[in-house]
Amino acid sequence: MDTDVQLSERDRSPRPAEGAEQGSRSSRFPASPAAWAKAAGAWLRGGGPLRRAGVLLTLCLVFLLLLSSYVVQPFLIPSGSMENTLRVGDRVLVNKLAYSFGGKPERGDVVVFDGTDSFLHDVPAENPAAALIRKGASSVGLMGPAATVYIKRVVGVGGDRITCCDARGRLQINGHPVDEGFLYPGDAPSRVPFDAVVPEGKLWVMGDHRGDSRDSRDHLGEPGGGMVPVSRVVGRADWIGWPFGRMTELKRPDVYARVPEADASAGHTGRPAGRSGRPGG
């Protein structure tokens with residue numbers, strides 16, 4: 001008896017309205033991609049031109065940040081160490097995919113690299129907020145890069161022996177003299193004599209304005225010997241993109257094509273490359 005009473009009481013309880021709650025959730029959370037797109041379009045149109053302009057600007061900034069992070073990045077030249085090839089204020093376009101698929105830096109390439117542990121051993125502290133602003137602005141070429149980032153020309157690759165200078169004052173790579181006609185007018189290849197062998201996986205880099213460039217020569221006695229690890233290379237500078245009057249492609253000088261490959265049996269003095277492009281071939 002008691003059971004029947006309880007059941008009857010349950011039967012007389014009011015039923016909730018069907019579909020009301022489901023309809024509310026559906027209106028707030030579209031159930032399909034098409035519904036999401038429709039809701040987003042309605043939100044965009046309902047905000048007027050300012051909302052549309054803000055969304056467009058945000059999308060453009062995100063696209064530029066992704067592009068500069070993974071494909072090509074404008075780089076502001078902060079010093080005269082690469083004059084007259086690159087001048088202060090130039091914006092070069094750095095190809096970040098140049099060495100991503102098995103390619104390696106070659107003699108004559110102009111590269112951007114992180115000099116931590118090769119050119120710079122005590123990394124200066126930077127305010128996090130300032131670092132974030134600088135990173136965003138430098139990614140679109142509006143500010144200079146971090147203090148650890150450099151741009152130089154690759155003069156020697158792994159195995160090369162680089163000496164300065166011969167009787168005519170020329171740099172020698174694997175015993176082959178190099179006539180560097182691209183140097184800053186009046187500059188000598190180096191006023192400081194040196195003799196260095198580049199370890200495998202490292203690079204010897206120098207500025208085109210040798211009299212105003214702190215490069216591998218200046219770090220020979222330090223840990224790492226001024227040699228830049230290939231893994232620290234950010235990318236290859238392929239174009240001057242700004243100012244318009246200086247827009248040009250940065251080509252690899254022909255003088256490096258005649259440099260022989262390193263030959264360990266010859267004391268890294270090199271031997272002429274054969275017609276196949278291989279040493280002695």
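**Entry 1: R170 and its acidic partners**

I began with R170, which is buried in this predicted model, its relative accessible area being 17%. Since the cut-off for buried is under 20%, I note that R170 counts as buried because its value of 17% falls under that limit.

I then looked up which acidic side chains pair with R170, and found a salt bridge with D166, in which the closest N and O atoms are 2.9 Å apart. A salt bridge also joins R170 to D179, with an N to O distance of 3.9 Å; the cut-off for such a pair is within 4 Å.

The surroundings of the two acids I wrote down separately: D166 is buried at 16% relative accessibility, whereas D179 is partly exposed, with a relative accessible area of 45%.

**Entry 2: D166 in its loop**

Where does D166 sit? I found D166 in the loop between β5 (161–164) and β6 (171–173). Besides its salt bridge to R170, the side chain of D166 has a polar atom that lies 3.0 Å from the backbone nitrogen of R168. Leaving aside residues up to four places away in sequence, I listed Q172 and P177 as the residues that D166 touches.

The same loop holds C165, and here I noted a cis peptide bond between C164 and C165, with omega at about 0°.

**Entry 3: the sheet around this loop**

I next traced the strands on either side of the loop and found that β5 and β6 belong to an open sheet of four strands, in the order β7-β6-β5-β8, with antiparallel pairing. The edge strands are β7 (176–178) and β8 (194–197), each of which pairs on one side only. Averaged over the sheet and with direction ignored, neighbouring strands are turned by 20° against each other.

For the pair β5 and β8, which run antiparallel, I noted four bridges; I162 has A196 in β8 as its bridge partner.

Between β6 and β7 lies the loop that contains N174. N174 has a positive phi of about 55°, although N174 is not a glycine, and N174 is buried, with a relative accessible area of 1%.

**Entry 4: D109 and R252**

I turned to the salt bridges more widely, of which the structure holds 14. One of them joins the side chains of D109 and R252, at 2.8 Å from N to O. This pair links distant parts of the chain, since D109 is in the loop between β2 (91–95) and β3 (110–114) while R252 is in the segment after β12 (248–249), 143 residues apart.

Is each partner buried or exposed, or in between? D109 counts as buried, at 4% relative accessibility, and R252 counts as partly exposed, at 36%. The side chains of R252 and D109 are also joined by a polar contact of 2.8 Å.

Which residues does R252 touch, if those up to four places away in sequence are not counted? My list has E106, R107, G108, D109 and R236. For E106, I also looked up the separation of C-alpha atoms from R252, which is 8.7 Å, although the two residues are 146 residues apart along the chain.

As a general point for this entry, I add that side chains of opposite charge can pair when their charged atoms come close.

**Entry 5: other backbone points**

Why did I set some residues aside for their backbone geometry? I did so because most residues other than glycine have a negative phi, and most peptide bonds are trans.

Beyond the cis bond between C164 and C165, I noted that the peptide bond from E83 to N84 is cis, with omega near -5°. N84 has its place in the loop between β1 (72–76) and β2.

Beyond N174 with its positive phi, I noted D117, which has a positive phi of about 75° although D117 is not a glycine. D117 is in the loop between β3 and α5 (128–138). Is D117 buried, exposed or in between? D117 is partly exposed, with a relative accessible area of 44%, whereas N174 is buried at 1%.

Conventions. Residues numbered from 1 in each chain as written. Predicted model: local features only at pLDDT ≥ 70, side-chain atom pairs only at ≥ 80, totals over all residues. Heavy atoms only, no water. Helix = DSSP H or I, 4+ residues; strand = E, 2+ residues; numbered from the N terminus. Buried < 20%, exposed > 50% of the residue type's maximum accessible area, 1.4 Å probe, protein only. Polar contact = N/O pair within 3.5 Å; in protein donor to acceptor, adjacent residues only side chain to side chain. Contact = heavy atoms within 4.5 Å. Pairing = 2+ DSSP bridges. Axes fitted to C-alpha atoms, helices over the stretch in contact; angles between N-to-C directions.
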